[in-house]
Every structure is written in structure tokens, then in C-alpha cells.
Amino acid sequence: MRARVGVIGGTGYYKFKTVPTIREEEVDNQYGRVHVLFAEYKGREIAFVPRHGLGHTIPPHKINHRANIQALKDLGAESILATAAVGSLRKMVPPGELVLLSQFIDMTKRRIGTFYDEEGVPFKHLDVTEPFSEPLRERVLRAATAQGIHIHPYGTYVAFEGPRLETAAEISMMQILGGDVVGMTIVPEVVLAREADLSYAAIAVITNYGAGMVPGGISKDMVRGTFAAATNTLERLLLATIDLLLE
């Protein structure tokens with residue numbers, strides 16, 4: 001059975017909570033090996049890739065994004081729904097809220113961000129004017145409305161290298177440049193999905209304000225606790241979107 005929909009789960013979201021995993025596989029391709037969980041949902045299989053590994057052991061700058069995207073494509077995915085734990089750059093978007101990403105600013109430094117990484121073979125200059133799939137974003141928004149879930153319909157994601165968090169000065173700079181949320185993983189994932197001709201949308205969960213925006217630092221417990229509180233709503237939105245995709 002081929003999985004028409006793939007899910008990439010970020011920090012704090014390593015498998016479905018309410019949908020049973022029926023099997024796990026190590027999927028190999030030319031870029032590496034990917035651990036994939038297959039969940040059965042309404043008689044269909046959904047391929048779930050925990051971006052950081054089941055035990056959150058893969059740091060953001062070491063994620064093999066090419067292998068992940070290629071694995072989902074090889075499994076038959078036509079659409080990918082991704083999740084991400086992010087920091088907010090806007091006081092009006094507090095921790096606990098959801099943002100449907102629409103743009104990105106790439107501040108990463110040493111990642112392989114393309115499948116076209118060899119000389120002497122055809123390549124293309126990818127148009128990323130609108131980096132996220134608008135039809136898939138529309139389905140997420142329809143699902144949110146149907147479920148009564150509040151989600152910010154637009155958001156510019158700023159990708160930093162990690163694994164360190166950002167400085168207060170970096171957060172101030174990104175606010176000036178127009179960023180709305182900050183994270184470490186959506187880029188180059190979204191670009192690779194576009195190169196692979198897959199529809200891709202990402203739902204960000206605000207877990208904290210950016211460095212320097214409020215008194216005190218940012219702790220791992222803060223991030224995990226806030227994300228955990230939003231998990232049920234996030235999964236309800238994902239499944240409602242998958243319902244629309246499987247119609």
C-alpha cells in the first residue's frame with residue numbers, strides 16, 4: 001500500500017498520539033536511511049517521519065533532509081504536512097498558538113539545500129516566490145475552520161543553523177527584517193519538497209518568545225511543556241487536513 005500523505009514531525013511530536021502505528025521500517029535511498037512509522041487512518045496508510053528521530057537524537061544541523069524527502073516520495077506521498085516547534089518574534093503571537101507558515105528567511109550556513117548537488121547533470125533554478133503549497137495551505141485553513149481551531153494564516157519563518165538558540169540581537173534583527181517565527185529545521189526541508197514536486201505545508205507551534213523579548217531565558221522544559229499542551233489540537237488539525245486530502 002502506498003502512502004499518499006506524509007507527515008514530518010518536529011520537536012515534541014515523534015508519532016501520532018491518537019492513530020495507531022501499524023509498523024515501522026528503515027527506508028533506504030541514495031541519500032541515506034530513514035526511520036518511518038506507518039499509521040493506519042480510516043483504512044489508509046500515513047507515512048510519519050520523526051525529523052529528529054524517535055528519541056530526539058538528531059540535532060537540527062545534522063538532519064538528513066534529502067533522505068527524508070526522498071523516502072516519502074518513494075513511498076508514494078503526494079503531500080507532506082510538517083510540524084515545527086518555534087519561537088515567536090511577535091508579542092501578538094504568544095506561546096501556545098499555531099501559525100501556518102507562508103514564507104521563509106534562510107540564515108543557515110552549512111546545509112545541503114538541494115537535490116541538484118552534482119556537476120555535469122541537468123538542474124533547475126527553483127521558483128520559491130511562494131515556497132509553501134498554496135492549495136495545501138488552503139486545506140489546512142479549511143480544516144482549522146471546520147474544527148474551530150485558531151491558527152494564524154500567514155507567517156515568515158526564520159531558519160537558523162542551531163543547535164544553539166539565537167541571541168537577543170539576532171532576534172531584534174529578524175524582527176526588523178520581517179520575520180514572525182524562528183526555528184532550525186523547515187529550511188531546507190520545504191525547498192527539497194518543492195524540488196521533488198511534492199505539496200508541502202508546515203504548521204508551527206509557538207513554544208516561547210524569542211531571546212530578549214521577555215525577562216528570563218529559554219529552557220528545554222518551557223519548550224516541551226508548551227508544545228505538549230498544544231499536541232492534541234495540532235493532531236486534530238493534521239487529521240482533519242488529511243481527511244480533506246483523502247477525499
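Reader: Let's start with D197. Where is the place of D197?

Author: In this predicted model, D197 lies in the loop between helix 4 and strand 11 (199-209).

Reader: Why does D197 count as buried or exposed?

Author: Set the value against the cut-off: exposed means over 50% relative accessible area. D197 has 61% relative accessibility, so it counts as exposed.

Reader: And what about phi of D197?

Author: Phi of D197 is positive, about 60°, although D197 is not a glycine. For background, most residues other than glycine have a negative phi.

Reader: What is phi of K42, and where is K42 found?

Author: K42 is a residue other than glycine, too, and its phi is a positive value near 50°. You'll find K42 in the loop between strand 3 (32-41) and strand 4 (44-50). With 62% relative accessibility set against the cut-off of over 50%, K42 therefore counts as exposed.

Reader: Why does V140 count as buried or exposed?

Author: The cut-off for buried is under 20%. V140 comes out at 0% relative accessibility, so V140 counts as buried. V140 sits in helix 2 (residues 134-147). Leaving aside residues up to four places away in sequence, V140 touches L81, L100, I151, A201, I203, L237 and T241. Y157 is 17 residues from V140 along the chain, and their C-alpha atoms are separated by 17 Å.

Reader: Speaking of Y157, which way do the residues of strand 9 point?

Author: In strand 9 (residues 156-159), T156 and V158 point one way while Y157 and A159 point the other way, and all are buried. That fits a general pattern: in a regular strand the side chains alternate between the two faces of the sheet.

Reader: What makes strand 7 and strand 9 a pair?

Author: Two strands count as a pair with at least two bridges between them. Strand 7 (residues 103-106) and strand 9 have four bridges, in the parallel sense, so they meet the cut-off. In this pairing, F104 stands opposite Y157.

Reader: How do you know that strand 9 and strand 10 pair?

Author: By the same test. Strand 9 and strand 10 (residues 181-183) have three bridges, in the parallel sense, which means that they pair as well. The bridge partner of V158 in strand 10 is V182. From strand 9 the chain crosses through helix 3 (residues 168-177) to strand 10, a right-handed β-α-β crossover.

Reader: Which peptide bond is cis on the way from strand 9 to helix 3?

Author: The one from G162 to P163, with omega near 0°. P163 is in the loop between strand 9 and helix 3. Another cis peptide bond joins V187 and P188, with omega about 15°, and P188 is in helix 4. In general, most peptide bonds are trans.

Reader: Why are helix 1 and helix 4 called oblique to each other?

Author: The axes of helix 1 (residues 65-74) and helix 4 (residues 186-195) cross at roughly 40° and come within 9 Å. Roughly parallel needs an angle under 35 degrees, and roughly perpendicular runs from 65 to 115. Roughly 40° fits neither, so helix 1 and helix 4 are oblique to each other. The crossing is right-handed.

Reader: Which residues of helix 1 and helix 4 meet?

Author: From helix 1, H65, R66 and I69 meet P188, E189, L192 and A193 in helix 4. P188 also takes part in the cis peptide bond with V187.

Note on methods. Residues are numbered from 1 along each chain as its sequence is written. This is a predicted model: local features need pLDDT of at least 70, side-chain atom pairs count only at pLDDT 80 or more; totals for chains, interfaces and linings use all residues. Side-chain values use heavy atoms; hydrogens and water are left out. Buried means under 20% relative accessible area, exposed over 50%, partly exposed in between (1.4 Å probe, protein chains only). Helices (H or I, at least four residues) and strands (E, at least two) are DSSP runs, numbered from the N terminus. A crossover is right-handed if, with the strands pointing away from the viewer, the path from the first strand over the helix to the second runs clockwise. Axes are lines fitted to C-alpha atoms, for helices over the stretch in contact, and angles run from 0 to 180 degrees between N-to-C directions. Angles under 35 degrees count as roughly parallel, over 145 as roughly antiparallel, 65 to 115 as roughly perpendicular and the rest as oblique. A crossing is left-handed if the near helix is turned anticlockwise from the far one by less than a right angle, and right-handed if clockwise. Contact means heavy atoms within 4.5 Å.
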